[in-house]
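Dear colleague,

I am passing on the structure we spoke about, and I would be glad if you could look through it alongside the notes that follow.

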Amino acid sequence: MSAQKEPFGQTTDGRQIDLYTLTNTNGLRARITNYGAILVSLEVPDRDGNLGDITLGFDALDGYLGEHPYFGATVGRYANRIGKARFVLNGVEYKLAANNDENHLHGGVKGFDKVVWKLEDLKSESNKAVVKLSYISEDGEEGYPGNLACSVTYTLTKDDELQFSYEAQTDKTTVINLTNHSYWNLAGQGDILGHELTLNAEKYTVVDAGLIPTGENQSVKDTPMDFTLPMSIGSRIEQVEGGYDHNYVLNSGDGSLALAAKVYEPTSGRVMEIYTTEPGIQFYTGNFLDGSLTGKAGKIYNKHYGFCLETQHFPDSPNKPEFPPVVLLPGQKYSTETAHKFYTR
Ligand code: BGC
């Protein structure tokens with residue numbers, strides 16, 4: 001196991017950015033930067049033992065400093081959408097940036113994906129390699145109340161798991177929903193329509209035209225939304241207007257670390273399982289990728305060339321009292337866990 005640090009460049013205002021590389025004894029390699037606490041790459045073997053990078057993104061920091069759809073990013077203070085970019089807490093209305101038509105998306109104009117995180121810990125032990133990054137989001141940042149001290153810890157284990165742990169504390173009542181926004185492609189190239197997906201979810205949150213939940217949770221049964229049994233992503237995608245971009249209600253939902261999703265890619269044999277303590281998962285099929293971005297090794301990212309499975313609380317929960325709560329009180333500790341397990345078959 002090893003954990004190493006090297007320079008990755010500078011931000012436009014001259015701040016030093018680093019790249020951390022976690023490697024395990026089977027050769028799995030995760031690279032993370034303190035810019036946006038972004039997962040830059042994840043290399044895992046295929047069934048013949050050949051390593052391949054299974055995430056979308058850029059070779060150099062410059063790509064991440066420019067416009068991009070949250071490749072690999074840590075998203076906060078609130079991942080996904082908050083309707084009409086506002087919510088009320090204790091009778092006070094908080095107004096957020098409307099950066100997705102009239103709605104708020106992924107923490108605002110300058111979310112956690114575009115800030116410089118501080119290195120707290122970088123270490124390797126006999127069974128794991130770890131990098132821990134922290135960030136203090138000030139009271140009023142992007143409209144949110146409370147100074148929020150948060151951290152994300154990436155742990156690569158000797159058993160081929162990449163774990164994401166999030167922690168936070170606030171000094172004023174606030175809302176929080178942290179996730180990782182990696183785009184996966186287990187073949188390492190081409191579109192993701194042939195990947196087989198299983199989701200441990202019998203319901204999803206119905207959304208309006210602006211992708212804000214209506215409050216209704218609908219059964220997936222007998223619809224193209226059903227992934228309770230393995231199904232290729234492309235088999236029914238044409239029947240879903242715009243492609244998949246939905247929050248699934250996980251069957252577990254009791255806060256324990258439970259299996260949420262499993263993805264198998266037949267040509268490479270790679271399998272990715274996702275375990276989470278979160279109640280929901282956003283399944284997004286890269287519908288807005290349009291070939292305008294050139295990523296790693298000159299790859300053009302066309303529509304459906306990557307998919308996201310973002311473990312999370314449900315979109316617009318601050319305005320939906322019927323959804324699992326996202327309020328964090330002073331003195332409380334926010335703590336969530338997601339783990340991706342890799343193997344081949
Ligand atoms: C959202 C999509 C959005 C994408 C990139 C996903 O989490 O569900 O609607 O386009 O992030 O911002």
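**The ligand and the sheet**

An oxygen atom of the ligand lies 3.2 Å from an N or O atom in the side chain of Gln-282. Please keep in mind, here and in what follows, that this is a predicted model. Taken alone, the ligand would expose 310 Å², and 94% of that area is buried by the protein.

Two further side chains make contacts of this kind: an N or O atom of Arg-81 is 2.7 Å from an oxygen atom of the ligand, and for an N or O atom in the side chain of His-106 the distance to a ligand oxygen is 2.9 Å. Arg-81 and His-106 also belong, together with His-181, Asp-245 and Glu-310, to the residues that come nearest among the 13 around the ligand. As to where the ligand is placed, it sits in the largest pocket.

Turning to the strands, five of them form an open sheet, in which the order is β1-β2-β3-β4-β5 and the pairing is antiparallel. The edges are formed by β1, which covers residues 2-10, and by β5, which covers 51-53, each of these pairing on one side only. On average, and with direction ignored, neighbouring strands of this sheet are turned by 20° against each other.

At the β1 edge, the partner is β2 (residues 16-23), which runs antiparallel to β1 and is joined to it by eight bridges; within this part of the sheet, Gln-10 stands opposite Gln-16 in β2. As a general point, the strands of a sheet pair through backbone hydrogen bonds, in either a parallel or an antiparallel manner.

With best regards

Note on methods
Residues are numbered from 1 along each chain as its sequence is written. This is a predicted model: local features need pLDDT of at least 70, side-chain atom pairs count only at pLDDT 80 or more; totals for chains, interfaces and linings use all residues. Side-chain values use heavy atoms; hydrogens and water are left out. Two strands pair if DSSP finds at least two bridges between them. Helices (H or I, at least four residues) and strands (E, at least two) are DSSP runs, numbered from the N terminus. Axes are lines fitted to C-alpha atoms, for helices over the stretch in contact, and angles run from 0 to 180 degrees between N-to-C directions. A residue is near a molecule or strand if one of its heavy atoms lies within 4 Å of it. A polar contact is a pair of N or O atoms within 3.5 Å; within protein, one must be able to donate a hydrogen and the other to accept it, and residues adjacent in sequence count only if both atoms are side-chain atoms. Accessible areas come from the Shrake-Rupley method with a 1.4 Å probe; for residues, only the protein chains shown count as cover. On a 1 Å grid over the protein atoms alone, a cavity is a set of points where a 1.4 Å probe fits but cannot get out, and a pocket is an open set with protein on both sides within 12 Å along at least five of seven lines; lining residues have an atom within 4 Å of a point. A molecule sits in a cavity or pocket if more than half of its atoms lie within 2 Å of its grid points.
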